[in-house]
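Here are my notes on the model, set out as numbered points. Please read them with the structure open.

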Number of protein chains: 2
Amino acid sequence: MNKGMTAKGRATRQRIIVAAAMLTRDKGAAETTLDDVRAATATSKSQLFHYFPEGRSDILAAVAEYEAGQVLEAQQPHLGDLSTWESWQGWRQAVLDHYTELGQKCPLGSLTTELGKSSPQARSIATSLYDEWEAALVRGVEAVTSDGEEAVRRRARSILAAVQGGVVMLQGTGRTDYLDAALTAAISPLRPVTVSAE
Amino acid sequence: MNKGMTAKGRATRQRIIVAAAMLTRDKGAAETTLDDVRAATATSKSQLFHYFPEGRSDILAAVAEYEAGQVLEAQQPHLGDLSTWESWQGWRQAVLDHYTELGQKCPLGSLTTELGKSSPQARSIATSLYDEWEAALVRGVEAVTSDGEEAVRRRARSILAAVQGGVVMLQGTGRTDYLDAALTAAISPLRPVTVSAE
DNA sequence: ACCAGGATGGACCGCAAGGTCCAAAGAAGT
DNA sequence: ACTTCTTTGGACCTTGCGGTCCATCCTGGT
């Protein structure tokens, strides 16, 4: 891979992706123009098309891939080890903190909603992201419950949906309350029975 | 209101809104052009600007308002009376059916994600929709639990987020499993303790 | 030192799409 | 029937933006 591309070239390419991702988060994919990207990266039109021959759609696809990686990375190391109730709580807090910090800017939203409709490859990126995410949650749910496979899967999906929903509401309203409530409610069935009740 | 507008005029205006809403659901707001709307409604450019002086953004705002109404309407009569566990189940099924039928086409997604970022008035429409929705859920949760106000509110928000999340996942993956799982999990704490356990 | 291939700059093109304008047709009141 | 306001048609303008092209500069290998 990266055939015929010097270190400088690769750096420029990466710079474009990162800047485009930021713009996309800020203004949405639809509002992000090639000129915006050009201005933000101090590059020329020809460079954009040099590194992304398909043009705009090519850049957006790269952004999608990049953002998909970021989404999971922001949840680490928690997402990788959800073996105890405490670790689930840690994960919950990490997600909450991350999106609180991001505020209105949501990578997933732009990708799924805006790109997903037109670009089929962006869709497949989103799908594989969800799959990976779900798999991690399934492992975690398995570790802390004794439910069957089907119940575990449903639980994991409800948690994933809770995150998505909370983020959507955050985007729409600017309030983190929804994400907080949704996350808390979604993982609370995983809490072990309290000792005092025993 | 509707000053200086004949019945015919109002009908045309409405036709434009409905058609634009359909296009927006299908292709997303960003991909919907005035010419598309024109073609779909058999109108002329001048009519578009006659009924929506601000142009495109004006139309999109009207669509937002229209769609917001539809969202709640699709949940009636269930949403209006969530006083029993059975009625909650009925509501859950109604939501599930409705979005299953819509498939990939989501009114909310386009509005919140695409319009919300640029148009402030679209945001306020979304916000008031959420408020109304949440209020209905709060009333329902209150009716079937004995929790305090704060807990009720959090529960309602988690349910609302579950719907949103499920719909996002439906859009992204095409599968209704997520919405199903999320809804089920979100309202299951409202289920009364089973008689057999008593 | 040379050269091939990559990196960069920026002028230029074409078109789609939002928006303007004026004139004609149709309704509604008197 | 006359007038006035609304409705409609569609030509036309403007511009933003994706995309092309070629000339120039730089870098790395021999």
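How many residue pairs are in polar contact across the interface of chain A and chain B?

1. The rule finds 12 such pairs between chain A and chain B, with both residues of a pair at pLDDT 80 or more. Bear in mind that this is a predicted model. On the chain A side, the elements giving two or more residues are α1 (7-27), α6 (107-118), α7 (120-144), α8 (149-173) and α9 (177-187). α8(A) gives the most, with 14 residues. By class, that side of chain A has 16 polar, 14 charged and 10 nonpolar residues.

2. Next, the extent of the chain A and chain B interface. Contact involves 40 residues of chain A and 40 residues of chain B. About 3200 Å² is buried between the two chains. Carbon and sulfur atoms carry 58% of that area.

3. Charge pairing also appears across the two chains. There are 6 salt bridges between chain A and chain B. One of them can be checked directly: B:Arg157 and A:Asp177 meet through their side chains, with N to O at 3.1 Å.

4. Now the domains within chain A. The domain assignment gives domain 1 (7-62) and domain 2 (64-190). Their C-alpha centres lie 27 Å apart. The contact takes 14 residues from domain 1 of chain A and 12 residues from domain 2 of chain A.

5. How much area do the two domains of chain A bury between them? The value is about 1000 Å², and 57% of it is on carbon and sulfur atoms. On the domain 1 side, A:Arg25, A:Leu60 and A:Ala61 lose the most area to domain 2. Together these three residues make up 47% of what that side buries.

6. A:Arg25 deserves a second look. A:Arg25 forms a salt bridge with A:Glu67, with the closest N and O atoms 2.8 Å apart. The rule finds 1 salt bridge across this domain interface. Polar contacts between domain 1 and domain 2 of chain A come to 7 residue pairs, both residues at pLDDT 80 or more. On the domain 1 side, α1 and α4 (56-73) of chain A each supply at least two residues. α1(A) gives the most, with 7 residues. By class, that side has 8 nonpolar, 4 polar and 2 charged residues.

7. On to the DNA, starting with strand C. This strand is surrounded by 19 residues. Which residues are closest to DNA strand C? They are A:Ser46, A:Gln47, A:His50, B:Leu34 and B:Lys45, drawn from both chains. Sugar and phosphate account for 63% of the strand C atoms that come within 4 Å of the protein.

8. Individual contacts to strand C reach both backbone and base. A polar backbone atom of A:Thr6 is 3.2 Å from a phosphate oxygen of strand C. A polar side-chain atom of A:Ser44 lies 3.1 Å from a base nitrogen of strand C. For A:Ser46, an N or O atom in the side chain is 2.5 Å from a base nitrogen of strand C. The elements giving two or more residues to this surface are α1 and α3 of chain A together with α3 of chain B. α3(A) gives the most, with 4 residues. The surface near DNA strand C has 12 polar, 4 nonpolar and 3 charged residues.

9. Strand D has 20 residues around it. A:Leu34, A:Lys45, B:Ser46, B:Gln47 and B:His50 come nearest. Of the strand D atoms within 4 Å of the protein, 62% belong to sugar or phosphate, and the rest to bases.

10. What does B:Ser46 approach on strand D? An N or O atom in the side chain of B:Ser46 is 2.4 Å from a base nitrogen. Phosphate oxygens of strand D are approached too. One is 2.8 Å from a backbone N or O atom of A:Leu34. An N or O atom in the side chain of B:Thr12 is 3.3 Å from a phosphate oxygen.

11. Finally, the elements beside strand D. α3 (45-51) of chain A, together with α1 (7-27) and α3 (45-51) of chain B, each supply at least two residues of the surface near this strand. α3(B) provides the largest share, 4 residues. The surface near DNA strand D divides into 12 polar, 4 nonpolar and 4 charged residues.

Methods: Residues numbered from 1 in each chain as written. Chains lettered and ligands numbered in written order. Predicted model: local features only at pLDDT ≥ 70, side-chain atom pairs only at ≥ 80, totals over all residues. Heavy atoms only, no water. Contact = heavy atoms within 4.5 Å. Buried area = accessible area lost by both parts, 1.4 Å probe. Salt bridge = Lys/Arg side-chain N within 4 Å of Asp/Glu carboxyl O. Polar contact = N/O pair within 3.5 Å; in protein donor to acceptor, adjacent residues only side chain to side chain. Nonpolar A, V, L, I, M, F, W, Y, C, P; charged D, E, K, R; others polar. Near = heavy atom within 4 Å. Domains from an automatic or database assignment.
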